[in-house]
Amino acid sequence: MRIFSCCALALVLVSALFPAAVWAENTVILGPELKPIDLHCLQVAYGENIAARGFFTDPTVLESLADSYPLEPQRPNVHVGQHPGRVRSYALLRALYGKDKMAVQAHVQAVSAFGQRVYLSPAAAQAFRRVVQTLEALTLRKPYLRAYMLPMGGFAWRSIAGENRLSPHSFGIAVDLNPAKGIYWRWSTPQKRQSIGAAARAAYPSEIVAAFEAEGFIWGGKWYEYDLMHFEYRPEIICKAKRKASEQALPSQSLKDPICP
């Protein structure tokens, strides 16, 4: 399996993945309160010149990076209010992917996955193609995992179920796998919601989650308000998680290390 690294993303031609037309219409500046590791991972994920692009308030980028994301095989108990990556800066999303449905839709790309086409924004599409390669090889070795794949969903301009906020699917950065195998927290009664979620979370195949995380996607199974079918392209969060893991293993390392240069 390809291992996701900040170094790999740093070598991507950012202008091709985040179209200039989108940036031109949506300029923002990062606030001074960002920690060095947060700014570093944002620059690796989206280009060094992101620091000169406007001011984030919807919510702030700092809030979107505040919760630590546990990488596979870690699946710690999730408590109320824990949802790493579920907080999003809509100013950042609009700046990166487009200010409205037409702007996003103009750039989405089709990715062929297990015989189905999934439409995503360019950066997410490029990463998802690598995920599909890993999953196709994985399902050859373990055919039972194919049941988790289809049907899939990608770009769809809509609100999050039960909320007024736009879904990340609206920006072409989220993939939903088979919902019959990946439950959503709102589908259970309040009394049984967390017990059902804990069991389903523990049973979901780690190989699938690891394949997505390796390419910069976070998993909704690691949220208190769980969404097990949901994978979301958030390379800055995975970068930070990789970075923290490396620092814990080698606390003497400086900010520049082999995982996140």
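**The E1–E2 hairpin**

I started at the hairpin that E1 and E2 form, with two residues between the strands. I looked up Phe-114 in the turn and found a positive phi of about 55°. This is a predicted model, so I read every value here as computed from that prediction.

Next I followed the pairing itself. Strand E1 covers residues 109-113 and strand E2 covers residues 116-120. I found the two running antiparallel, joined by five bridges. As a landmark for the register, I noted that Val-111 stands opposite Val-118 in E2.

**The three-stranded sheet**

I then turned to the open sheet of three strands. I read its order as E3-E5-E4, with antiparallel pairing. Which strands sit at the edges? They are E3 (174-176) and E4 (217-219), each of which pairs on one side only. I noted an average twist of 25° from one strand to the next.

I took a nearer look at E3 with E5, the strand at residues 230-233. Three bridges hold this antiparallel pairing. Here my landmark for the register is Ala-174, which stands opposite Glu-232 in E5.

**H8 against H10**

From the strands I moved on to a pair of helices. I like to note two things for such a pair: packed helices are described by the angle between their axes and the distance between the axes. For H8 (residues 122-141) and H10 (residues 206-213), I have an angle of about 155° and axes 9 Å apart. Angles over 145 degrees count as roughly antiparallel, and therefore H8 is roughly antiparallel to H10. I also wrote down the handedness: H8 passes H10 in a right-handed crossing.

Which residues meet across this contact? On the H8 side I listed Phe-128, Val-131, Thr-134, Leu-135 and Leu-138. On the H10 side I listed Glu-207, Ile-208, Ala-211 and Phe-212. Sorted by class, the contact has seven nonpolar residues, one polar and one charged.

**An aromatic pair**

Last, I checked the rings. How many aromatic pairs does the structure hold? I have 13 in my notes, and I picked out Tyr-148 with Tyr-204. Their ring centres are 5.3 Å apart and their planes lie at 80°, so I logged the pair as edge-to-face.

I also checked where the two tyrosines sit along the chain. Tyr-148 is in the loop between H8 and E3, while Tyr-204 is in the loop between helix H9 (193-203) and H10. They are 56 residues apart, and I noted that the pair links distant parts of the chain.

Terms used
Residues are numbered from 1 along each chain as its sequence is written. This is a predicted model: local features need pLDDT of at least 70, side-chain atom pairs count only at pLDDT 80 or more; totals for chains, interfaces and linings use all residues. Side-chain values use heavy atoms; hydrogens and water are left out. Axes are lines fitted to C-alpha atoms, for helices over the stretch in contact, and angles run from 0 to 180 degrees between N-to-C directions. Helices (H or I, at least four residues) and strands (E, at least two) are DSSP runs, numbered from the N terminus. Angles under 35 degrees count as roughly parallel, over 145 as roughly antiparallel, 65 to 115 as roughly perpendicular and the rest as oblique. A crossing is left-handed if the near helix is turned anticlockwise from the far one by less than a right angle, and right-handed if clockwise. Contact means heavy atoms within 4.5 Å. Ala, Val, Leu, Ile, Met, Phe, Trp, Tyr, Cys and Pro count as nonpolar, Asp, Glu, Lys and Arg as charged, and the others, Gly among them, as polar. Two strands pair if DSSP finds at least two bridges between them. Rings of Phe, Tyr and Trp (its six-membered ring) pair if their centres lie within 6.5 Å; planes under 30 degrees apart count as stacked, over 60 as edge-to-face and the rest as tilted.
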